[in-house]
Amino acid sequence: MTLTLRRPDDVDAFLETAGDFLAAREAEHNLMLGICSVIRTSPERFTEDPPRFITVADAAGRIVVATLRTPPQNQVLSCVDDPEAVDLLVDALVDESLPGLLGPKAGASRFAGLWTETTGQPAQLELAERIFRLERIIPPARPAPGSWRYGDSSDRELVLRWWIAFLAEAMPQGPPPRDPEGAVDRAIESQWIYLWEDVGQVVCMVGSGGETPNGIRIGPVYTPAEHRGRGYASALTAAASQDQLDRGRRFVFLFTDLANPTSNKIYQAIGYAPVCDVDVYRFGADA
């Protein structure tokens, strides 16, 4: 089958070509769609090293895979409808310095293996994740003490510290976060930061962002070690998810670490349903 690779010039051209393909599996592509949303609404954040886009279509013009990257972050891979399209992507990207890749399990594995064969760079599976989708909240069976509120400017330093701590804990070898201060400021301004307070003390944080056509992604979810095991994360994730549904979202999405069965169980208990598994690979000498 003849496959055609194209490099759209910008996010609008990318979505014009691949938007329907991505939206047809909105949950699976929530990260990619969310990144496109951020690029569209805040283009000034990407002027120094512009985003890069690739699509591959079959002989009938149907998109079979799409990918994007916002340097210095990992390559993000869509669902793969023709495995041979992954080979084309590796050939197209071979001269780029990719720190890693995130994508659906089978496609990511094929890409990582071919990347090592082609470049000689090791590829290490860094994180195995699962995408969940929620349409209706099930209230937590065990209410947590305290209540939630939106984070505001007075919480900025705490939120920033916890945001960075979450990233260090979740992906200690991952690429550095892009402008965490700006991300926190924008999230607070949009009322996308949720905090749980118990007896006047903030004990848990949930963020949200990455809008899709019908939804939004929840994350990070972070409770400092000394406050874990008391139901705060479950209660706050439920509250944040319900708030987003109340704002008119049809869906709320989140990623979980499959190495943490407790969090996977908690999210399912409040109504999140598993959609698909995605893997994160790290490339290079330290992989």
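Which residue forms a salt bridge with arginine 52, and how far apart are the closest N and O atoms? The partner is aspartate 49, with the closest N and O atoms 2.9 Å apart. Keep in mind that this is a predicted model: local features need pLDDT of at least 70, side-chain atom pairs count only at pLDDT 80 or more, and totals for chains, interfaces and linings use all residues. Residues are numbered from 1 along each chain as its sequence is written, and side-chain values use heavy atoms, with hydrogens and water left out. Below come the salt bridges, then helix α4, then the β10-α7-β11 region.

**Salt bridges**

- There are 17 salt bridges in the structure (a salt bridge being a side-chain nitrogen of Lys or Arg within 4 Å of a carboxyl oxygen of Asp or Glu).
- The Arg52 and Asp49 pair from the opening belongs to a network of salt bridges that links Asp49, Arg52, Arg69 and Glu96.
- Arginine 52 is partly exposed at 33% relative accessibility, and aspartate 49 is partly exposed at 30% (buried means under 20% relative accessible area, exposed over 50%, and partly exposed in between, with a 1.4 Å probe and protein chains only).
- Arginine 156 pairs up with aspartate 185, and here the closest N and O atoms are 2.5 Å apart.
- Arginine 156 sits in helix α5 (residues 156-170) and aspartate 185 in helix α6 (residues 180-189), so this salt bridge ties together parts that are 29 residues apart in sequence. (Helices are DSSP runs of H or I with at least four residues, strands are runs of E with at least two, and both are numbered from the N terminus.)
- Both ends of that bridge count as partly exposed: arginine 156 has 23% relative accessibility, and aspartate 185 has 32%.
- Arginine 40 makes a salt bridge to aspartate 12, with 2.8 Å between the closest N and O atoms.
- That one links distant parts of the chain, with arginine 40 in helix α2 (residues 30-41) and aspartate 12 in helix α1 (residues 11-23), 28 residues apart.
- Arginine 40 is partly exposed with a relative accessible area of 49%, and aspartate 12 is partly exposed at 40%.

**Helix α4**

- Helix α4 covers residues 105-119, and its 15 residues reach 21 Å from first C-alpha to last, close to the 21 Å expected at 1.5 Å a residue (the expected span is 1.5 Å times one less than the number of residues).
- Its buried residues are Gly107, Ala108, Phe111, Ala112, Leu114 and Trp115.
- What covers those buried residues includes α3 (84-93) along with the strands β4 (75-77), β5 (100-104), β6 (123-134) and β12 (273-283).
- Right after α4 comes glycine 120, with a positive phi near 80°.

**Strands β9, β10 and β11**

- Strand β9 (residues 201-209) runs antiparallel to β10, and four bridges join the two (strands pair if DSSP finds at least two bridges between them).
- β9 and β10 form a hairpin with five residues between them, and glycine 210 in the turn has a positive phi of about 70°.
- Across this pairing, methionine 205 stands opposite tyrosine 222 in β10.
- β10 (residues 215-222) is joined to β11 by four bridges, and these two run parallel.
- Within that parallel pair, isoleucine 216 has valine 252 as its bridge partner, and isoleucine 218 stands opposite leucine 254.
- β11 also pairs with β6, in the antiparallel sense over six bridges, and there leucine 134 stands opposite valine 252.
- Both β10 and β11 are mostly covered: six of the eight residues of β10 are buried, as are five of the seven in β11 (residues 251-257).

**Helix α7 and glutamine 244**

- Together, β10, α7 and β11 make a right-handed β-α-β unit (right-handed if, with the strands pointing away from the viewer, the path from the first strand over the helix to the second runs clockwise).
- Glutamine 244 is found in helix α7 (residues 232-246).
- Is glutamine 244 buried or exposed? Glutamine 244 counts as buried, at 0% relative accessibility.
- The side chains of glutamine 244 and tyrosine 194 are joined by a polar contact of 2.9 Å (a pair of N or O atoms within 3.5 Å; within protein, one must be able to donate a hydrogen and the other to accept it, and residues adjacent in sequence count only if both atoms are side-chain atoms).
- Leaving aside neighbours within four places in sequence, glutamine 244 is in contact (heavy atoms within 4.5 Å) with Trp192, Tyr194, Ser208, Ile216, Arg249 and Val252.
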